[in-house]
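Q: I am new to this structure. Can you show me how to read it, feature by feature?

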Amino acid sequence: MNKLIIDGAEYQAQDDQTILDVCRQNGIEIPTLCYHPAMEPYGACRLCTVEVIRHGWSNLHTACTHPAWDGLEVKTQSPAVYDVRRTLMGLFLSRCPHVPVIQNLARQYGVTEPPFATDDPDQKCILCGLCVRVCNDLVKANVINFSDRGIDRQVGPPFLEKTRDCIGCGACTIVCPTGAIDIVLEEAGVYAEKPLGPTAAIYVPSLQAVPRVPVIDTDSCIRFRQQDRSNGKIADACGVCQTLCEANAIDFDQQDEILDLTVGSVIVATGFEMWDPKKLSQYSYGRSPHIITGMEFERLSNAGGPTGGQILLSDGSKPKRVAIIHCVGSRDHNAHAYCSRICCMYSLKHAHLVRDKTGAEVYEFYMDMRAFGKGYEEFYERVQEEGVTMVRGRGAVVDVLPNGKLRVKGEDADLGKLLAVDVDMVVLSTAIEAPHDADKISALFGLGRTADGWFAEAHPKLRPVETNTDGVFLAGCAQGPKDVPDTVAHAGAASAAVLGLLDRGEVVIAPTVAEVNRDDCVGCGDCLLVCPYTAITRVEGKAQINAALCKGCGTCVATCPSGAIMALHFTDDQIVAQIDGVLAWA
Amino acid sequence: MGVEFEPKIVAFMCNWCTYAGADNAGVARMESPSNVLPIRVMCSGRISPEMVMRAFRAGADGVLVMGCHIGDCHYSTGNHRSVKRMPLLRNLLATVGVNPERLELTWVSAAEAPRFVQVTHSFTDKIRSLGPLSQEVAE
Ligand SMILES: Cc1cc2nc3c(=O)[nH]c(=O)nc-3n(C[C@H](O)[C@H](O)[C@H](O)COP(=O)(O)OP(=O)(O)OC[C@H]3O[C@@H](n4cnc5c(N)ncnc54)[C@H](O)[C@@H]3O)c2cc1C
Ligand code: SF4
Ligand code: FES
Ligand code: FES
């Protein structure tokens, strides 16, 4: 452990640390331009200059390259340091008079006007070499470098010509301290922007993600994009996240793992999927970037979203008129006959957000307003008071006009008139539906499904979280459309049902099981063949039923040629008595 | 015009699908014919040929056997047995002089309340047009 004195106080340092590292670690501010923590220090800009006193000799050194040796004394604010930085900022400002970062730094050192004549007032590059290093050392695309010497020195691709070797990762634009590099998306080979997607290759899926850990989008990650598809080997490129992660949590070799768990009960909470509005062409979804679904609106208005939560059109301007169409794909015999239940309220929320964030006029096309929950009707009233125009009637058609505007037509049933509104943005409050793979889940757990596709509960009123398969429960939208409060209540009930089983530690099984009369059994074994639960075995030449395994379907009873099996509570005598009874009475 | 013949129909229903479907039809206030006399069993696989014959003997003019759709049986494969049994039984009915149309095997899931109503109505109509079983057997 090295000890050194910085601005009069003592600090400890590791052997491999630089003076800058120690200062940053301890909150001592040192300005830098060419330094980036993910790359080797380079010492190009000299802005991090500090005064280093060793064995009584004082010298000026760049903090980013100077090792934090034992016994050093460092002054980061001395007059000599200030002088050097002031001179440097004068030079930088003369080179790049219009770059805000440079202007601000220069002002900190008392320089407000360029002290020297400026060659090119549009110059933004300070030749710090960060872009060159990131491209060559980290990304390993080797596309940009320095060319020429002295005052002609510049950065760029070979011969300053466009090159197809650029992978369009954008790393150079991100590290450039002065914003001197622009990425122009113009050719194939450069990945198209994802307008509503994440903005970096590593991101936390959503602010409320559980667990709240970042994931790597392997389609955009520089390292994965250069993966050798033939053998799956990942390129040895970039890895900035790994370099910077102090918890050392980045593992590029991580693979999906399949765990085998033995459990006593299962809660199926597979939720919903969004119905695809392309299925009904009158909504023109996909024909304009400004026709979006409610889910896309959620992403747009999310503070973690692509616009930082602002509601903007694709050209970056705020919409002046927005239409919100309810029941898209719901209550419609061409799509889903049922009411999706949540969309009225989220549409009102969206209307409120548009009013609040943009002040745009909002036209809300609805058939009935289903403000069913506690406080919901009050919210409906509030949104009306906020000036949202409510049009009672289904938004029937959305047309994309030649000028890019959108025309929503529908009937205003209150006025008994057809209506057409030209708007800048249309939000389709699309239906929710059972996940596309619900049939697999239902086969896996033996779950029934109601006609609308959602999983069936054991009883619509009395057993809303149970299913007809013992130990399997439902929670949330898996059982049918629900908003968050209802989902939470339903899930709470499902958990309580599971805890009840755990607490008891034993299961109660129905008494409707089959029993063999050993005297009548001839040991033919037909019952063994039909039992779906392998509950029957042959013991000493006769059938024997394991009551814990038997579920009481009675198939063996009907199969047994000797009539040796009895289904308790559904005996032949009982059923026959019923048959005779109903017929005698009818 | 005499009083129209009202058939008696025994309907065996499995507990998990058809019985629940019938229940849902009732909850939804859908009307199914009162000719249909329900007998609940745990699975359509529980219904033996003897029971169907017993129903005819005890005075039923038609018998409906109803269960879960194939693949949906609560006990996985109970209804696979019914699929094999009931056609055989229909052949047998013909040999004893009973119109095999008087026995029908069909599937109604818990979600298919409207189907329950439709199936019971159309079967009742069919049996009504076939006339009483006693007449047929007497002939
Ligand atoms: C646009 C929009 C806005 C909304 N706004 C509101 C609002 O403001 N307030 C409100 O109360 N409600 C709102 N809702 C409703 C809310 O989203 C739902 O109530 C809630 O998400 C239901 O939760 P869930 O857990 O049942 O289902 P989901 O949220 O759908 O969660 C199900 C999860 O299961 C996962 N999954 C699916 N299949 C499998 C499988 N086979 N194996 C493992 N995992 C699987 C899915 O990936 C998903 O993560 C809104 C809904 C929409 C569409
Ligand atoms: S909740 Fe409202 S918008 Fe959604 S389907 Fe039902 S009525 Fe239509
Ligand atoms: S930051 Fe140290 S020289 Fe640029
Ligand atoms: S449980 Fe319905 S047919 Fe088997």
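What follows is a short tutorial in questions and replies.

A: Start with what kind of model this is. It is a predicted model. Then go chain by chain.

Q: How many helices and strands does chain A have?
A: Chain A comes to 15 helices and 25 strands. Its 586 residues include 41% that count as buried.

Q: What does chain B look like when read along the sequence?
A: Take the elements in order. Chain B runs β-α-β-α-β-α-β-α-α. That gives five helices and four strands. Of its 139 residues, 49% are buried.

Q: How much accessible surface does each chain have, and how much belongs to carbon and sulfur atoms?
A: For chain A the surface is about 32,300 Å², with 52% on carbon and sulfur atoms. For chain B it is about 6,200 Å², with 55% on those atoms.

Q: What share of contacts joins residues at least 24 apart in sequence?
A: Begin with contacts between residues at least 6 apart in sequence. In chain A, 57% of these join residues at least 24 apart. In chain B, the share is 81%.

Q: Now the interface. How many residues does each chain bring to the contact?
A: Chain A brings 31 residues and chain B brings 28. Together the two chains bury about 2,500 Å². Carbon and sulfur atoms account for 64% of that area.

Q: Which polar links cross between the chains?
A: Look for paired N and O atoms. Seven residue pairs are in polar contact between chain B and chain A, both residues of each pair at pLDDT 80 or more. There are also two salt bridges across the interface by the rule. One of them joins Asp572(A) and Arg46(B). Their closest N and O atoms are 2.7 Å apart.

Q: Which elements of chain B each supply at least two residues to the side that touches chain A?
A: There are four to find in the view: strand E1 (9–14), strand E2 (36–41), helix H2 (49–57) and helix H3 (78–95) of chain B. E2(B) gives the most, with four residues. By type, the side of chain B that touches chain A divides into 15 nonpolar, seven polar and six charged residues.

Q: Let us zoom in. Is Asn136(A) buried or exposed?
A: Buried means under 20% relative accessible area. Asn136(A) has 17% relative accessibility, so it counts as buried. Its place is in helix H4 (residues 130–138) of chain A.

Q: What does the side chain of Asn136(A) reach?
A: A polar atom of that side chain lies 3.0 Å from the backbone oxygen of Ile144(A). Beyond its neighbours within four places in sequence, Asn136(A) is in contact with Asn142(A), Val143(A), Ile144(A) and Asn145(A).

Q: Which residues other than glycine have a positive phi?
A: Check the backbone angles. His55(A) is one of them, with phi about 50°. It sits in the loop between strand E3 (49–54) and strand E4 (57–62) of chain A. His55(A) counts as exposed because its relative accessibility is 70%, and the cut-off for exposed is over 50%. Leu127(A) is another example, with phi near 60°. Leu127(A) is in the loop between helix H3 (100–108) and H4 of chain A.

Q: Where is there a cis peptide bond?
A: Look at omega. The bond joining Val210(A) and Pro211(A) is cis, with omega about -10°. Pro211(A) is in the loop between strand E8 (202–203) and strand E9 (215–216) of chain A.

Definitions and conventions:
Residues numbered from 1 in each chain as written. Chains lettered and ligands numbered in written order. Heavy atoms only, no water. Buried < 20%, exposed > 50% of the residue type's maximum accessible area, 1.4 Å probe, protein only. Polar contact = N/O pair within 3.5 Å; in protein donor to acceptor, adjacent residues only side chain to side chain. Contact = heavy atoms within 4.5 Å. Buried area = accessible area lost by both parts, 1.4 Å probe. Salt bridge = Lys/Arg side-chain N within 4 Å of Asp/Glu carboxyl O. Nonpolar A, V, L, I, M, F, W, Y, C, P; charged D, E, K, R; others polar. Areas by Shrake-Rupley, 256 points an atom, 1.4 Å probe, with all protein chains shown as cover.
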